[in-house]
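Hi,

Here is the structure I promised to pass on. Have a look at it first, then read my notes below.

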Amino acid sequence: MNHLQIVYRFEMRPTKEQQKKMFHTLKLCRKLYNWSLSERQRVYKETGQGLTYNKQQNMLPGYTKEHLEYKQVHSQVMQDTLRRVDFAYQRFFAKEAGYPRFKNRDHYTSFTYPQVDAVKKTFSKPGKIYLSKIGFVKMTTHREFDASQISRVNIKYHGGKWYANLTAEVEVLENLIDSTKSIGIDVGLEHFAVLSDSTEIGTPKYYRKSERKLAKQQRRLSRKKKGSNNRGKAKTKVAKLHAKITNQRKDFLHKTSLDVVQSHDIVFMEDLKIKNMVKTTT
């Protein structure tokens with residue numbers, strides 16, 4: 001028996017008071033993230049030794065006693081924030097990403113409840129999701145899901161809207177796989193992808209149109225004076241367009257991938273090493 005991880009994404013409609021609490025949670029988590037990163041840098045500079053996640057988790061009670069505002073944040077949400085810092089360092093040491101950076105408001109836009117079982121009320125009310133320290137928040141569930149399979153809840157603010165990303169662990173029966181129904185996928189330049197049976201998958205025209213509109217708005221933003229109200233408005237427009245393009249891309253990818261996996265049991269893709277394909281010229 002194999003397990004497949006699925007993420008359901010639903011839009012949330014918090015009240016003004018709930019949204020205030022959610023923004024405050026983001027602010028405190030960002031502050032904790034930056035403190036964690038700062039402490040790791042300080043300790044390494046002073047001792048030559050790095051801090052682990054477990055060590056920083058043990059430091060957390062002392063930190064929250066000095067900063068009483070963290071009583072408004074669920075303990076597991078804070079622990080997940082520390083895990084983000086630890087994961088950033090793991091990626092850096094594995095040479096998968098650059099050195100971890102401090103986060104500003106635009107680059108810290110989500111918080112996570114890593115263990116749904118610890119919050120028994122989470123899905124007890126239809127059309128709502130329970131967030132500890134925040135309350136029951138309206139959630140538009142446009143598709144059914146098994147609440148018992150949800151193991152993790154991520155709350156994200158993106159493009160002026162709030163979303164709940166629900167991670168589920170689904171069992172997959174091995175004997176349902178038919179090895180004769182296989183297909184290969186080659187990602188191309190002229191087309192989004194070409195299948196091994198010569199089927200061509202093109203990039204949607206509306207996506208290119210949105211990209212051109214985004215480039216236009218970004219040029220307008222670059223001409224606005226920093227710190228001005230007009231720049232703030234232009235920045236909001238760019239963020240909303242980014243969100244729209246992201247949603248268009250996800251919608252296209254989900255529909256395309258669903259069509260492929262429903263028609264085939266085995267899908268082969270080439271493991272490209274992009275860095276090796278880039279030629280540096282001087």
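Let's start with how α1 and α3 sit against each other. This is a predicted model, and in it the axes of α1 and helix α3 (residues 75-93) cross at roughly 45° and come within 9 Å. Angles under 35 degrees count as roughly parallel and 65 to 115 as roughly perpendicular, and therefore α1 and α3 are oblique to each other. The crossing of α1 with α3 is right-handed. If you want to find the place where they meet, look on α1 for Cys29, Leu32, Tyr33, Ser36, Leu37, Arg40 and Gln41. On the α3 side, the residues they meet include Val77, Met78, Thr81, Leu82 and Arg84.

Now for the other neighbour, α2. Helix α2 covers residues 53-66, and its axis and that of α1 come within 12 Å, crossing at roughly 120°. These two helices are therefore oblique to each other, and their crossing is right-handed. From α1, the contact uses Lys31, Leu32, Trp35, Ser36, Glu39 and Arg40; from α2, it uses Tyr53, Gln56, Met59, Leu60 and Tyr63. You'll spot Leu32, Ser36 and Arg40 in this contact, and they turn up in the one with α3 too.

How far should α1 span? With 32 residues at 1.5 Å a residue, it should span 46 Å, and its end C-alpha atoms are 46 Å apart, so the two agree. Right after α1 comes Gly48, which has a positive phi, near 80°.

Next, the inside. The largest nonpolar core has 39 residues, and those touching the most other members are Met12, Phe111, Ile129, Ile155 and Leu166. Helix α1 (residues 16-47) gives this core its largest share, 8 residues.

Which residues does Phe111 touch, not counting those up to four places away in sequence? Among them are Met22, Thr25, Leu26 and Cys29, along with Val77 and Arg84. Further along the sequence, Phe111 also touches Ile134, Val153, Asn154, Ile155 and Trp162. So you can click on Cys29 and see it touched by Phe111, and find Cys29 again where α1 meets α3.

One last spot to look at is Thr122, in the loop between β2 (110-113) and β3 (128-131). Is Thr122 buried or exposed? Its relative accessibility is 4%, so Thr122 counts as buried. Leaving out residues up to four places away in sequence, Thr122 touches Val116, Lys128, Ile129 and Tyr130. Ile129 is also one of the core residues named above.

Cheers

Note on methods:
Residues numbered from 1 in each chain as written. Predicted model: local features only at pLDDT ≥ 70, side-chain atom pairs only at ≥ 80, totals over all residues. Heavy atoms only, no water. Core = buried A, V, L, I, M, F, W, Y, C linked by side-chain atoms within 4.5 Å. Buried < 20%, exposed > 50% of the residue type's maximum accessible area, 1.4 Å probe, protein only. Helix = DSSP H or I, 4+ residues; strand = E, 2+ residues; numbered from the N terminus. Contact = heavy atoms within 4.5 Å. Expected span 1.5 Å × (residues − 1). Axes fitted to C-alpha atoms, helices over the stretch in contact; angles between N-to-C directions. Parallel < 35°, antiparallel > 145°, perpendicular 65-115°, else oblique. Left-handed = near helix turned anticlockwise from the far one by under 90°.
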